[in-house]
Amino acid sequence: MEEYLTAFMTFLSREKGASRGTLEAYHRDLDAYLHFLAREQIDDLLGVNRETVEHYLAQLLEQGRAGTTVARNLSSIRSLYQYLEEKGDISQNPAGEIHIDRGEKKPLKILTNQEVELLLDQPKAVDSKGCRDKAMLELMYATGIRVSELIALNLSDLDLPRRRLRCGDREHSRMVPMYETAAQCLEEYLKKARPYLVHAPDEQALFVNCKGGRFSRQGFWKLVKHYQQTAGLTKGITPQTLRHSFAIHLMENGADLRSIQQLLGHTNPSATYIYAKLAKERVQDVYHRTHPRA
């Protein structure tokens with residue numbers, strides 16, 4: 001079944017021009033789906049029926065996955081079978097008529113300035129791991145880049161003298177500035193930690209794990225969760241929380257929407273408007289909670 005996934009990913013990359021982030025999302029969803037089929041001892045991807053797909057989606061819901069996550073998985077599966085249908089490998093898309101209720105969109109989780117300071121203060125640069133972790137967290141909040149962009153950074157993407165970095169894919173790359181503390185943490189990591197973490201002298205990844213390879217998305221998610229716990233923060237924090245907090249804090253301090261859109265790498269302005277709406281709601285909430293006559 002892996003050959004169909006490989007062919008589909010090649011199609012998305014070459015024919016559809018999908019971005020790296022999109023390819024990673026499709027591969028992650030479909031790889032999990034293929035593992036499910038293997039556990040169910042189904043070795044014929046082309047012979048899957050609607051009931052099998054519905055059973056898989058039901059399992060995701062039983063595991064507590066959000067409606068939006070399950071809907072995204074359904075979309076990935078449907079796209080794979082649509083590709084196979086267009087190729088003539090199957091006569092009907094087994095996921096074509098399935099619909100998932102995405103449910104209410106969860107409100108964005110935003111950290112206060114004090115919570116950000118507490119989180120960023122957790123990694124202690126007393127060893128290579130602590131030095132790396134501190135640099136990663138500082139860089140995430142300093143730039144608001146996506147976690148996929150963070151782990152994809154190479155040494156050549158850094159411009160520390162000018163306190164900026166290049167991120168994004170080739171078609172949508174952008175230069176993002178960083179504040180001095182983040183640049184200092186990066187410089188310390190490069191001098192005192194990374195040389196002891198890398199194994200191959202030609203490794204180009206900026207952030208590496210304890211085995212010397214490129215840091216993974218899952219690894220950074222676990223890192224954030226670990227420091228959330230050590231900070232004693234009860235608010236659920238994900239890597240995306242730092243990106244949201246970055247945008248809201250900039251807006252609350254006077255940044256305009258266009259600048260935030262460019263910093264975040266949004267190609268669609270509507271993706272940035274949500275921060276303007278949330279910032280307005282936060283101001284109103286503060287007013288009603290603090291004004292003596294409100």
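Me: Which residues do ring pairs link into a cluster?

Reply: Rings of Phe, Tyr and Trp (its six-membered ring) pair if their centres lie within 6.5 Å. In this predicted model, local features need pLDDT of at least 70, side-chain atom pairs count only at pLDDT 80 or more, and totals for chains, interfaces and linings use all residues. Residues are numbered from 1 along each chain as its sequence is written, and side-chain values use heavy atoms, without hydrogens and water. Here ring pairs join Phe8, Phe11, Tyr26 and Tyr83 into a cluster.

Me: How many aromatic pairs does a search of the whole structure find, and what is the geometry of Phe11 and Tyr83?

Reply: A pair of aromatic rings is described by the distance of the centres and the angle of the planes. Planes under 30 degrees apart count as stacked, over 60 as edge-to-face and the rest as tilted. The search yields eight aromatic pairs. Phe11 and Tyr83 form a tilted one, at 5.0 Å centre to centre with 35° between the planes. Phe11 lies in helix 1 (residues 2-14) and Tyr83 in helix 4 (residues 67-87), 72 residues apart; helices are DSSP runs (H or I, at least four residues), numbered from the N terminus.

Me: Is Cys131 buried or exposed, and how many disulfides are there?

Reply: Buried means under 20% relative accessible area, exposed over 50%, partly exposed in between (1.4 Å probe, protein chains only). Cys131 is buried because its relative accessibility is 4%, whereas Cys210, at 53%, is exposed. A disulfide is a pair of cysteine sulfur atoms within 2.5 Å, and the count is zero. The closest cysteine sulfur to that of Cys131 belongs to Cys185, 7.5 Å away, too far for a bond.

Definitions and conventions: Helices (H or I, at least four residues) and strands (E, at least two) are DSSP runs, numbered from the N terminus.
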